[in-house]
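The exercises below ask you to read a structure step by step, and each one is followed by a worked solution. Keep the sequence and the model side by side as you go.

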Amino acid sequence: MTQDRTRTVLSTLWIFVLLNIFAKDIHEFGRPGMLEQIGSGIVDGVVITEALMLLGGIMMAIPIFMVLLSQILNYSVNKWANVVVGVLTIGIQIVNNLNPDLDNVFFMVVEILALIAVIGIAIRWKPERASSS
């Protein structure tokens with residue numbers, strides 16, 4: 001795969017992960033009582049504080065940044081950023097779903113499979129050789 005193609009595939013996979021995260025979050029609004037919990041500031045027994053909202057924003061910003069960074073970072077930084085952030089994001093998904101229901105398990109599995117693809121592609125990514133003319 002060429003450098004440009006690898007960058008495009010990695011960036012597209014990050015978009016796919018993000019869409020799944022958003023879909024899971026939106027899907028949760030349909031859960032009975034969820035909107036009332038959100039309105040009360042306590043979701044599943046957890047008090048939603050400004051610090052928790054900031055942490056959630058940071059966790060969402062990481063894959064958002066990777067969509068862009070996969071396109072613009074140089075080869076070696078890009079390769080390892082995708083590996084490290086891919087592993088980190090898998091960890092975040094697991095921690096955020098310690099007591100999942102079936103639909104959350106579905107979204108988590110899809111996200112983790114996409115992240116494994118990101119990690120695998122990044123690990124196998126080789127620099128392009130200079131063509132001899």
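**Exercise 1.** In this predicted model, decide whether Arg31 is buried, exposed or partly exposed, and do likewise for the residues that meet its side chain in salt bridges.

*Solution.* Begin with Arg31, whose relative accessible area is 23%; because this value lies between the limits of 20% for buried and 50% for exposed, Arg31 is partly exposed.

Next, look for its partners: the side chain of Arg31 meets that of Glu28 in a salt bridge, with 3.2 Å from N to O, and it also meets the side chain of Asp44, with 3.0 Å from N to O. The pair of Asp44 and Arg31 links distant parts of the chain, since Asp44 sits in the loop between β1 (42-43) and β2 (46-47), while Arg31 sits in the loop between α1 and α2, 13 residues apart.

Now classify the two partners. Glu28 has a relative accessibility of 10%, so Glu28 counts as buried, whereas Asp44, at 53%, counts as exposed.

Finally, put the pieces together: salt bridges that share partners join Glu28, Arg31 and Asp44 into one network, and a search of the whole structure finds 2 salt bridges.

**Exercise 2.** Find which residues form the nonpolar patch on the surface, and work out which helix gives the most to it.

*Solution.* First list the members, which are Ile15, Leu19, Phe22, Ile26, Phe29, Leu35, Ile38 and Ile64, and which together have about 750 Å² of accessible area.

Then assign them to helices: α1 and α2 each supply at least two residues of the patch, and α1 gives the most, with 4 residues.

As a check on one member, take Ile38, which is found in helix α2 and is partly exposed, with a relative accessible area of 40%. A patch residue needs over 30%, so Ile38 at 40% passes this cut-off.

**Exercise 3.** Describe the largest pocket by its volume, its lining residues and the classes of those residues.

*Solution.* Start with the volume, which is about 1200 Å³. There are 31 residues lining this pocket, and the closest to its centre are Asp25, Val43, Ile48, Met59 and Asn96.

Continue with the helices: α1 (3-28), α2 (34-40), α3 (50-72) and α4 (75-96) each supply at least two residues of the lining, and α3 gives the most, with 7 residues.

Last, sort the lining by class, which gives 16 nonpolar, 9 polar and 6 charged residues.

How values were computed: Residues are numbered from 1 along each chain as its sequence is written. This is a predicted model: local features need pLDDT of at least 70, side-chain atom pairs count only at pLDDT 80 or more; totals for chains, interfaces and linings use all residues. Side-chain values use heavy atoms; hydrogens and water are left out. On a 1 Å grid over the protein atoms alone, a cavity is a set of points where a 1.4 Å probe fits but cannot get out, and a pocket is an open set with protein on both sides within 12 Å along at least five of seven lines; lining residues have an atom within 4 Å of a point. Grid points are joined across faces, edges and corners, and a volume is the space filled by probe spheres set on the points. Ala, Val, Leu, Ile, Met, Phe, Trp, Tyr, Cys and Pro count as nonpolar, Asp, Glu, Lys and Arg as charged, and the others, Gly among them, as polar. Patches are made of residues with over 30% relative accessible area and no salt bridge: like charges are joined within 9 Å, nonpolar side chains (Val, Leu, Ile, Met, Phe, Trp, Tyr) within 5 Å. Accessible areas come from the Shrake-Rupley method with a 1.4 Å probe; for residues, only the protein chains shown count as cover. A salt bridge is a side-chain nitrogen of Lys or Arg within 4 Å of a carboxyl oxygen of Asp or Glu. Buried means under 20% relative accessible area, exposed over 50%, partly exposed in between (1.4 Å probe, protein chains only).
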